[in-house]
Amino acid sequence: MPSLGERLRAALNEARKSRDQARTLLLSTILADLKNRELELHHPPTDEEAVEVVRRGIKRRHEAAEQFAAGGRSERAAVELAEIKLLETFLPPSVPPEEIRAAVREVIAAGAKDLGAVMGQVMPRFKGR
């Protein structure tokens with residue numbers, strides 16, 4: 001299975017071939033963020049690190065959409081939300097809430113008393129998802 005970076009590059013090439021400027025710009029921006037992360041890490045990012053970069057891009061676009069909506073520029077907010085939907089297609093499937101609840105109950109049954117202990121045991125299981 002290709003890495004997230006490879007899938008992003010393939011999608012960028014596809015967008016360029018179809019002359020989709022908006023998609024090309026979005027994917028170019030995310031790939032530039034990914035390259036910057038690679039330079040920070042001094043090694044090619046793993047899929048988990050690449051997912052972090054995409055999630056940060058989604059978060060920035062959520063914030064921008066809120067700003068645009070609050071400023072009465074709903075057309076720009078809609079563009080940001082469309083970009084979020086596109087980026088979410090590259091993320092791994094999210095964990096169903098029932099699975100998280102079951103893991104929390106399991107940790108509590110095993111003797112975890114406070115929230116920190118529960119989070120410390122549950123979070124590593126779902127990292128990146």
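These exercises work through the fold, surface and salt bridges of a predicted model.

**Exercise 1. Fold and overall form**

Task: Work out how many helices and strands the protein has, and what its radius of gyration says about its form.

Solution:
- Step 1. Count the elements. The protein has six helices and zero strands.
- Step 2. Put them in sequence order. The pattern reads α-α-α-α-α-α.
- Step 3. Compare the radius of gyration with the globule rule. The protein has a value of 18 Å, and the rule gives 14 Å for 129 residues. The first figure is well over the second, so the protein is more spread out than a compact globule.
- Step 4. Add the dimensions. The C-alpha trace spans about 55 × 40 × 25 Å along its principal axes.

**Exercise 2. Burial, contacts and surface**

Task: Find what share of the residues is buried, and what share of the accessible surface belongs to carbon and sulfur atoms.

Solution:
- Step 1. Take burial. Of the 129 residues, 29% are buried.
- Step 2. Take contacts between residues at least 6 apart in sequence. Of these, 48% join residues at least 24 apart.
- Step 3. Take the surface. The accessible area is about 8700 Å², and carbon and sulfur atoms account for 56% of it.

**Exercise 3. Charges**

Task: Count the positive and negative side chains and state how far apart the centres of the two sets lie.

Solution:
- Step 1. Count the charges. There are 22 positive and 20 negative side chains.
- Step 2. Locate the centres. They lie 1 Å apart.
- Step 3. Look for pairs. The whole structure holds seven salt bridges.

**Exercise 4. Two salt bridges**

Task: For K35 with E38 and R61 with E83, place each pair in the helices and decide whether its residues are buried or partly exposed.

Solution:
- Step 1. Place K35 and E38. Both lie in helix 2 (residues 21-41), three residues apart, about one turn of the helix. Their salt bridge has an N to O distance of 3.7 Å.
- Step 2. Classify them. Buried means under 20% relative accessible area, and exposed means over 50%. K35 has 44%, so it counts as partly exposed. E38 has 25%, so it is also partly exposed.
- Step 3. Turn to R61 and E83. Their closest N and O atoms are 3.0 Å apart. This pair links distant parts of the chain: R61 is in helix 3 (residues 47-70) and E83 in helix 4 (residues 74-88), 22 residues apart.
- Step 4. Classify these two. R61 has 9% relative accessibility, so it counts as buried. E83 has 19%, so it is buried.

Technical notes. Residues are numbered from 1 along each chain as its sequence is written. This is a predicted model: local features need pLDDT of at least 70, side-chain atom pairs count only at pLDDT 80 or more; totals for chains, interfaces and linings use all residues. Side-chain values use heavy atoms; hydrogens and water are left out. Helices (H or I, at least four residues) and strands (E, at least two) are DSSP runs, numbered from the N terminus. The radius of gyration is taken over C-alpha atoms; the globule rule is 2.2 Å times the number of residues to the power 0.38. Buried means under 20% relative accessible area, exposed over 50%, partly exposed in between (1.4 Å probe, protein chains only). Contact means heavy atoms within 4.5 Å. Accessible areas come from the Shrake-Rupley method with a 1.4 Å probe; for residues, only the protein chains shown count as cover. Lys and Arg count as positive and Asp and Glu as negative; His and the chain ends are not counted. The place of a charge is taken as NZ of Lys, CZ of Arg, CG of Asp or CD of Glu. A salt bridge is a side-chain nitrogen of Lys or Arg within 4 Å of a carboxyl oxygen of Asp or Glu.
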